[in-house]
Amino acid sequence: MKTKSLKARNNKLADTQRQLDILSNSIFAEGELPFFKDKLAESGLFPLRPKKLEILQINVGYMCNQVCEHCHVDAGPDRKEIMTRETMEECLKVIRTTGAHTLDLTGGAPEMNPNFRWFVEEAAKAGIQDFIVRSNLTIMRANKKYHDLPEFFKKHNIHVVSSMPHYTRGKTDKQRGDGVFDKSITALKQLNSVGYGLPGSSLRLDLVYNPSGAFLPGDQAALELDFKKALKEDFDIDFHDLFAITNLPISRFLDYLIASENYEEYMYSLVEAYNPAAVDNVMCTNTLSVSWDGWLYDCDFNQMLDLKVQSQVHHIKDYNESLLNNRDIVISQHCYGCTAGSGSSCQGSVT
Amino acid sequence: MAKSYYDPADLRKFGNITEWSEELGTKFFDYYGKVFEEGALSAREKSLIALAVAHVVKCPYCIDAYTKDGLQRGITKEEMMEAVHAGAAIESGATLVHGVQMMNKYNKLSM
């Protein structure tokens, strides 16, 4: 298990252009597999255009207490990119006026941003219908100052979405690090104890599953049943929905795919599973992603590849929803990850 | 021609068998797809049966395919290995039960 980000290791893949080159070379350049653009055109879906904006996703920083092997953010304790209070002020202006019904905070571990609680309190006042915080669970056990997070989330009616790669210890720790499973179980129990995730509770607790290896997620509903049964029987834990998310071939997951000689096979799996029905609801069509330094992207993955929105407006300080909605979505071959099988988004399957 | 009998990339070409016999190929793949749908047995249970049979018939393509399928379904390595043992036990049992035939013949021929 690595303990540093690609960036801190000076790994070549920390360079986003290098990643984009890999995604456009070899099997794609040689014509073995079609470029995503051509595949979209084949289904009459190119260029990809946004629908109504529904979700504003804000990445408040890449710092994290974990260094997960598959992380598309290349997050970790050594990452210093953290959203400042000034940028948060800019975000709040947008949150107060946006037509989006969902606000989605992500990271890194968003809770590690020193202004996280202030930002949540201010944003909650805007009366957003669905206010999500993506929490990695272990952060709640990482330090005493985070122990009251469940109560804090409850106070602001936060919808907690947490990662849980498997209901067994071995698989979870292999992907996320030793001890992650036990800490996650403790955190889930804590969330349950304040009312999160219980049947019929309005305090939403959803789990995110993403495969721990070079394979696609199976049927989301079937996985949810398995997770629910195992977590209930073994630990008496309740949660609401399971989101099955496909690992996209970028950043640390791309590094893993190449190092384990699974890259080509994985890209074949993604392309073979291409589903035009998933394109209809792919998340970049209803989401905007804001980076820690205020730049705007079609999704969190494009953010990590530094592919900014193709619009007159590029930054939160110039935010203009109608201008932004009139744009073509920036794509590359990583996008096959969101259109494979039942599709994949930060809210799980899309078909 | 390839220098080995098995090439992992050939698995992706499985569908090509239909090109030389469209009717039979199509019928086979329709049947195959139907077999693995949810039924009285779950798709998960059928995946484990397929994995066990893949080992018994020693098909490297099927072993690759159903190990990956199992991972996708969240099937654990312990469950997969138990399935392989179930297949192996039947296979070795099938050999050993012929021992009775050997004993019968031995006894018949012996004074």
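This tour moves through the central sheet of chain A, then to a pair of helices and to the contact with chain B.

The model is predicted: local features need pLDDT of at least 70, side-chain atom pairs count only at pLDDT 80 or more, and totals for chains, interfaces and linings use all residues. Residues are numbered from 1 along each chain as its sequence is written, with chains lettered from A and ligands numbered from 1 in the order in which they are written.

**The whole sheet**

Begin by displaying the strands of chain A. Eight strands form an open sheet in the order 6-5-4-3-2-1-7-8, with mixed pairing. Helices (H or I, at least four residues) and strands (E, at least two) are DSSP runs, numbered from the N terminus; two strands pair if DSSP finds at least two bridges between them. Strand 6 and strand 8 (296-297) of chain A are at the edges, and each has a single partner strand, so one side of each lacks a neighbour in the sheet.

**Strand 1**

Select residues 55-59 of chain A, which are strand 1. Five of the five residues of this strand are buried, a residue being buried if 20 or more other C-beta atoms lie within 10 Å of its own, exposed if 12 or fewer, and partly exposed in between, with C-beta atoms placed from the backbone. A:Ile55, A:Gln57 and A:Asn59 point one way, A:Leu56 and A:Ile58 point the other way, and all are buried. In a regular strand, side chains alternate between the two faces of the sheet.

Next, add strand 7 (residues 287-290) of chain A, which runs parallel to strand 1 and is joined to it by four bridges. A:Thr287 is the bridge partner of A:Ile55 there.

**Strand 2**

Move to residues 102-106 of chain A, strand 2, where five of five residues are buried. One side carries A:Thr102, A:Asp104 and A:Thr106, the other A:Leu103 and A:Leu105, and all are buried. Strand 1 and strand 2 of chain A run parallel and are joined by five bridges. To locate the register, label A:Ile55, which stands opposite A:Thr102, and A:Ile58, which stands opposite A:Leu105. Between strand 1 and strand 2 of chain A the chain passes through helix 4 (residues 85-97), in a right-handed β-α-β crossover. Right-handed here signifies that, with the strands pointing away from the viewer, the path from the first strand over the helix to the second runs clockwise.

**Strands 3 and 4**

Select strand 3 (residues 130-135) of chain A, which pairs with strand 2 in the parallel sense over four bridges. A:Leu103 stands opposite A:Phe131 in strand 3. Adding helix 5 (residues 116-124) of chain A completes a right-handed β-α-β unit with strand 2 and strand 3. Four bridges also join strand 3 to strand 4 of chain A, again in parallel, and A:Ser135 has A:Ser162 as its bridge partner.

**Strands 5 and 6**

Continue to strand 5 (residues 205-209) of chain A, in which four of five residues are buried. Strand 4 (residues 159-163) and strand 5 of chain A pair in the parallel sense over four bridges, with A:Val208 as the bridge partner of A:Ser163. On to strand 6 (residues 242-244) of chain A: three bridges join strand 5 to this parallel strand, and A:Leu207 is partnered by A:Leu242. The route from strand 5 to strand 6 of chain A goes through helix 10 and is a right-handed β-α-β crossover.

**Helices 8 and 9**

Now select helix 8 (residues 169-176) and helix 9 (residues 180-193) of chain A, whose axes (lines fitted to C-alpha atoms over the stretch in contact) come within 8 Å and cross at roughly 110 degrees. Angles run from 0 to 180 degrees between N-to-C directions. The contact involves A:Arg169, A:Thr172, A:Asp173 and A:Arg176 of helix 8 and A:Val180, A:Phe181 and A:Ser184 of helix 9. Residues are in contact if their C-beta atoms, placed from the backbone, lie within 7 Å.

**The contact with chain B**

Finally, show chain B. Twelve residues of chain A are in contact with eight residues of chain B. On the chain A side, helix 10 (residues 220-235) gives the most, with three residues.

Notes
Two residues are in contact if their C-beta atoms, placed from the backbone, lie within 7 Å.
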